[in-house]
2 protein chains.
Amino acid sequence: MELDQIREIAKSTPSKIVLLVMDGLGGLPHPKTGKTELETANTPNLDRLAREGICGLADPVSPGITPGSAPGHLALFGYDPLRFTVGRGVLEALGIDFELKDGDVAARGNFCTIDHCGLITDRRAGRISTETCAELCRLLDGFRLDDVSVLVSPVREHRFVAVLRGEGLSSELSDSDPQAVGAAPKDVVPLHAIAARTARIANQFIARARAALASKHPANMVLLRGFAQYPNFPRMSEVFKLKPAAIAAYPMYRGLAKVVGMKVLDTGTTIEEEFATLAENFADYDFFFLHIKQTDSAGEDGDFERKVRVIEEVDRALPRLIDLKPDVIVVTGDHSTPSLLKGHSWHPLPILLHSQWCRADRVEDFSEKACVNGSLGRFPATHVMPLALAHALKLEKFGA
Amino acid sequence: MELDQIREIAKSTPSKIVLLVMDGLGGLPHPKTGKTELETANTPNLDRLAREGICGLADPVSPGITPGSAPGHLALFGYDPLRFTVGRGVLEALGIDFELKDGDVAARGNFCTIDHCGLITDRRAGRISTETCAELCRLLDGFRLDDVSVLVSPVREHRFVAVLRGEGLSSELSDSDPQAVGAAPKDVVPLHAIAARTARIANQFIARARAALASKHPANMVLLRGFAQYPNFPRMSEVFKLKPAAIAAYPMYRGLAKVVGMKVLDTGTTIEEEFATLAENFADYDFFFLHIKQTDSAGEDGDFERKVRVIEEVDRALPRLIDLKPDVIVVTGDHSTPSLLKGHSWHPLPILLHSQWCRADRVEDFSEKACVNGSLGRFPATHVMPLALAHALKLEKFGA
């Protein structure tokens, strides 16, 4: 169903929804035990929610497709990630809490190494330290070119964000990064006539940066890619008639929540602190996105046991959430991050939805295996929001 | 997900995929036993793959829709069969290994019977023998009309293929076959201005054929339908970055494999010989489509027991495939052909996917009933390729 169609039937009510996202929750079985991280963890509270609620397996993008963090979350927020895309430059900016303004054009930058012929010898400049990156960014930050300011902020190691700020800019630009060693950095080319001036400014910036970095071997050049402007997505308040709030310790997820119009709440970074933030603000919003990063971090590190412990920690914190008596609780991930793969994967997300109005299935515990036979079946994650709204009695009948 | 989007994330790797298609695999329960052909067959190897892998039920076109061989296969190859259609004339040509050239216009032909008023009395000319058909085709083959050659080749019984070969032809033509007894054959009409000359030539051919067949009662006239040109589909090598090969004993399936750019391997026609061809060529390609026709033939003949025996023969051959250690094995059909219906049916396809990176479900054997509860759920067959590529680690992350 299209957002415009949901907008027609969504209504504001006092009922409350909590969407608890354990980042990278889905896993793969440990070779020794045949059990995934979630199946290994002792999770009496999640199991109770699964038993009383309904379960299933969700695909954020499409079966077989490994989602990045943005598509994974946008799908859970109800936005088709194949249509609502966030450019790489904007994502990098979101990831460091950089406040983008309307009209800004953001690009992801790499410091790189070029030889005396101008050919790239290392696309990551030997992965310089984050401290060195910050120093170099200070050299480049604040150039003014033809009434446009260039704001340069470090991310991590060789990565930075470059933001062009001024009037009449366009992000319809090609990358300067040739994504290959031995090639020269490419000129930024306008992909539409409207972007001609922005391309000129971007190329001027690159030339100025090269001059400023000449003596800074190995980081003696920059590569830019993924030019993008802040997306103009419909807000959750308009589409779903919600007053939504986000609780997330990491900038990227706060940024993604902002993109769909959530209020980002101040919070501490531990799981305990995030649950406390939920309790403190529970009266003031009717939708909460609560993001737990540590599951994904453990999976990315290939640390099966740590991922198990994080899941158990979340389970222990759950009674604080349950005691608030939200009308609907959804627990899932934004993608799978099996410790065995040390990265995001395509495996579908285990999901549970708990509400007074569930027609409970026969699932007895919250695990990937059990979710296979849940009544939600295997379904696109974009259905999660309509299902949550429905169980919170926030959707009118469609048609007469 | 669109092919263009998959193209963006597909990458070439050394990992190998085998897609084993038992044509018409799905069945219906025998009234005496309550078991389908697949459930009746003794299949220890398929059961093992199902137990270790993931299972589900796939719909090639859409639930309830009975697929022809072309849509059934195109869906498995990842091409939406509602968008990627192959004209009837081209399919007939593929079915007899007729080598179509770019620009050729192919039509399916019937020999038919007309009375002295020119009205059709039998659309199939009493189902003349294939030998008679071949004789008559020789009478019509090789006409030249306005610099266009007409190539006429027998198919089976009253059916033949007519191919117009020359410059500037178009297949935007109506059928001459009125699909009714008692009516006169219709003129071929151009559906676009560009096809006016081709229509004229087609009508000239029909008039010449009628004259040549005047004394050949009951086969004294021809009917043409399904004018079509060879489709210009994206190749699997471009979209999926694969080096694909096809092993198929029947021309139609070799033809469908060629349409998506597979290399067709020489093979014998028995199941044993086809598996031997796989082993001999295993080093040289990274995707294999292995087609078994005999399951469908038995189903079409309504021979439940023979279909069971064919499935068991494939199961006995399977260790040869498994021993090659492909990274991903997919086993399914292109449609169901229940012996009870003696023809293709709409019932979804049992499917199993086996790989090191499966998150195994609780399915214990390969059967229609067990597949209902597999983790793939019920899904469109066009997802089979992305799932196979994902489990072969041939897809990059979508979005950041």
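**Figure 1. Contacts between chain B and chain A, an interface with zero salt bridges.** In this predicted model, no salt bridge is counted between chain B and chain A, while ten residue pairs, both members at pLDDT 80 or more, are in polar contact across the interface. Two elements of chain B, α1 (3-9) and α14 (384-391), each give two or more residues to the side that touches chain A. The largest share comes from α14(B), with four residues. By class, this side of chain B comprises 13 nonpolar, seven polar and four charged residues.

**Figure 2. Buried area between chain B and chain A.** The size of an interface is often expressed as the accessible area lost when the parts come together. Here the two chains bury about 2400 Å² between them, and 65% of that area lies on carbon and sulfur atoms. R359(B), F398(B) and A400(B) provide 33% of the area that chain B buries against chain A, more than any other three residues. In terms of contacts, 24 residues of chain B meet 33 residues of chain A.

**Figure 3. The largest cavity, with residues of chain A and chain B in its lining.** Rolling a probe the size of a water molecule over the atoms reveals where empty space remains. The structure contains two cavities of 30 Å³ or more, and the largest has a volume of about 100 Å³. Its lining consists of 14 residues; the closest to the centre are P348(A) and R378(A) from chain A, together with I54(B), R359(B) and S375(B) from chain B. Eight residues of this lining are nonpolar, three are polar and three are charged. R359(B) thus appears in two views: it is among the residues closest to the centre of this cavity and one of the three named for the area that chain B buries against chain A.

**Figure 4. The second largest cavity, lined by residues of chain B.** This cavity has a volume of about 40 Å³. Its lining is made up of V105(B), A106(B), A107(B), V150(B), A162(B), L164(B), A202(B), F205(B), L224(B) and F227(B). Two or more of these residues come from each of β3 (105-114), β7 (159-165), α7 (196-213) and β8 (221-228) of chain B, and β3(B) gives the most, with three residues. The lining divides into ten nonpolar, no polar and no charged residues.

**Figure 5. The second largest pocket, with a volume of about 710 Å³.** The pocket is lined by 22 residues, of which G95(B), R156(B), R159(B), M252(B) and K293(B) are the closest to its centre. At least two lining residues are supplied by each of α4 (69-76), α5 (88-95), β6 (148-156), α9 (251-259) and α11 (294-300) of chain B. The largest share, four residues, belongs to α5(B). Nine residues of the lining are nonpolar, five are polar and eight are charged.

**Figure 6. Backbone geometry in loops of chain A and chain B.** Most peptide bonds are trans, and most residues other than glycine have a negative phi. In chain A, a cis peptide bond links H217(A) to P218(A), with omega at about 5°; P218(A) is located in the loop between α7 (196-213) and β8 (221-228). In chain B, H217(B) and P218(B) are likewise joined by a cis peptide bond with omega of about 5°, and P218(B) occupies the loop between α7 and β8 of that chain. K342(A), although not a glycine, has a positive phi of about 50°. K342(A) is part of the loop between β12 (328-332) and β13 (349-355) of chain A.

Definitions and conventions: Residues are numbered from 1 along each chain as its sequence is written. Chains are lettered from A and ligands numbered from 1 in the order in which they are written. This is a predicted model: local features need pLDDT of at least 70, side-chain atom pairs count only at pLDDT 80 or more; totals for chains, interfaces and linings use all residues. Side-chain values use heavy atoms; hydrogens and water are left out. On a 1 Å grid over the protein atoms alone, a cavity is a set of points where a 1.4 Å probe fits but cannot get out, and a pocket is an open set with protein on both sides within 12 Å along at least five of seven lines; lining residues have an atom within 4 Å of a point. Grid points are joined across faces, edges and corners, and a volume is the space filled by probe spheres set on the points. Ala, Val, Leu, Ile, Met, Phe, Trp, Tyr, Cys and Pro count as nonpolar, Asp, Glu, Lys and Arg as charged, and the others, Gly among them, as polar. Contact means heavy atoms within 4.5 Å. Buried area is the accessible area (1.4 Å probe) that two parts lose on being put together, summed over both. A salt bridge is a side-chain nitrogen of Lys or Arg within 4 Å of a carboxyl oxygen of Asp or Glu. A polar contact is a pair of N or O atoms within 3.5 Å; within protein, one must be able to donate a hydrogen and the other to accept it, and residues adjacent in sequence count only if both atoms are side-chain atoms.
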